[in-house]
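Reader: Could you zoom in on one part of this model for me? I'd like one connected walk through it, with the cut-offs spelled out as you go.

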Amino acid sequence: MNKIAIVGGSGLTKLSGLEVIDKIESATPWGEPSAPITFGKINNLEILFLPRHGNPHTIPPHKINYRANLWALHKHKVSEIIAINAVGGITEKMTPCSIVIPNQLIDYTHGRADSFYEENLTNVKHIDFTKPYSESLRQQLIDTASKNKLDIISEGTYAVTQGPRLETAAEVIRLEKDGNDIIGMTSMPEASLARELGITYACCALVVNWAAGKTDEIITMKIIEENLREGLSRMRCLIGKYIGDK
Ligand code: HPA
């Protein structure tokens, strides 16, 4: 049986429906994770929860200690991670409040600590990253959505930008030409670190705004928060049903 963890993004510092059993601080060789890991149960299944921006939300994307977060989950024997990420929509279908299960990403981040291979370099493993998200976990999430008539977008390419600022309109045009559908700041190096540790990993992205230049509107926190509120209730439903089927 897989041990499942949910890594929460913006707006998701707590997982509703989780019967909390314990919260554990976990020191790692890479430093402290974003928050103590919550151990709980949903439908009698053990679930771990980690809010990547901390609780309360204080850690911006470029300051997250991704290595400590992943290492701590690995230490607690997690074998499957569902990552929740807030993103902007670039291509036409990616309207605010959509849930997207991306199948590809392009990494535009820089300067982030992005590998566990820092010591003992004789054993460096070059992970296969052709498909950055687990196809089997993606498919299970897509099946859950379809069985429960939850509208989702079952593929897309996630541009991972450095942040914390949002993009210029010209950058979004370039990102679209590159083949990206959505933009966010947190899927890397989380996805590749999970692969280095052999953890099955997939992302459920929630579109919270149109990307810069896609509408005349200025992107405000108010717009983002409104869409987060609305979209997260559907996201909770998807995750709850997925876990309920286990
Ligand atoms: N760009 C980058 N990251 C984001 C956005 C965006 O428009 N919306 C939410 N996270």
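**From an inner strand to the ligand**

Author: Alanine 5 stands opposite leucine 48 in strand E4. Before going on: this is a predicted model, so local features need pLDDT of at least 70 and side-chain atom pairs count only at pLDDT 80 or more, while totals for chains, interfaces and linings use all residues. Residues are numbered from 1 along each chain as its sequence is written, and side-chain values use heavy atoms, with hydrogens and water left out.

Back to the strands (DSSP runs of E, at least two residues, numbered from the N terminus). E1 covers residues 4-8, and five of its five residues are buried, meaning under 20% relative accessible area with a 1.4 Å probe, protein chains only. Both faces are covered: Ile4, Ile6 and Gly8 are buried on one side, Ala5 and Val7 on the other.

E1 also has two partners, where pairing means that DSSP finds at least two bridges between the strands. With E4 (residues 45-51) it pairs in the parallel sense over five bridges. With E5 (residues 80-89) the sense is parallel too, over four bridges, and here isoleucine 4 stands opposite glutamate 80.

E5 leads on to the ligand. It gives three residues to the shell around the ligand, the largest share; E5, E9 (182-184) and E10 (200-210) each supply at least two. The residues around the ligand (a heavy atom within 4 Å of it) include Ala86, Val87, Gly88, Glu167, Ile183 and Asn209.

Now the polar contacts, which are pairs of N or O atoms within 3.5 Å. A polar side-chain atom of glutamate 167 comes to 2.8 Å from a ligand nitrogen. Polar backbone atoms join in as well: one of glycine 88 is 3.3 Å from a ligand nitrogen, and one of alanine 86 is 3.4 Å from a ligand nitrogen. On its own the ligand has 260 Å² of accessible area, and the protein covers 93% of that (Shrake-Rupley method, 1.4 Å probe).

One more shell member is worth a look. Isoleucine 183 belongs to E9, and it counts as buried because its relative accessibility is 5%. Its C-alpha atom is 4.7 Å from that of alanine 159, although the two residues are 24 apart along the chain.

Note on methods: Buried means under 20% relative accessible area, exposed over 50%, partly exposed in between (1.4 Å probe, protein chains only). A polar contact is a pair of N or O atoms within 3.5 Å; within protein, one must be able to donate a hydrogen and the other to accept it, and residues adjacent in sequence count only if both atoms are side-chain atoms.
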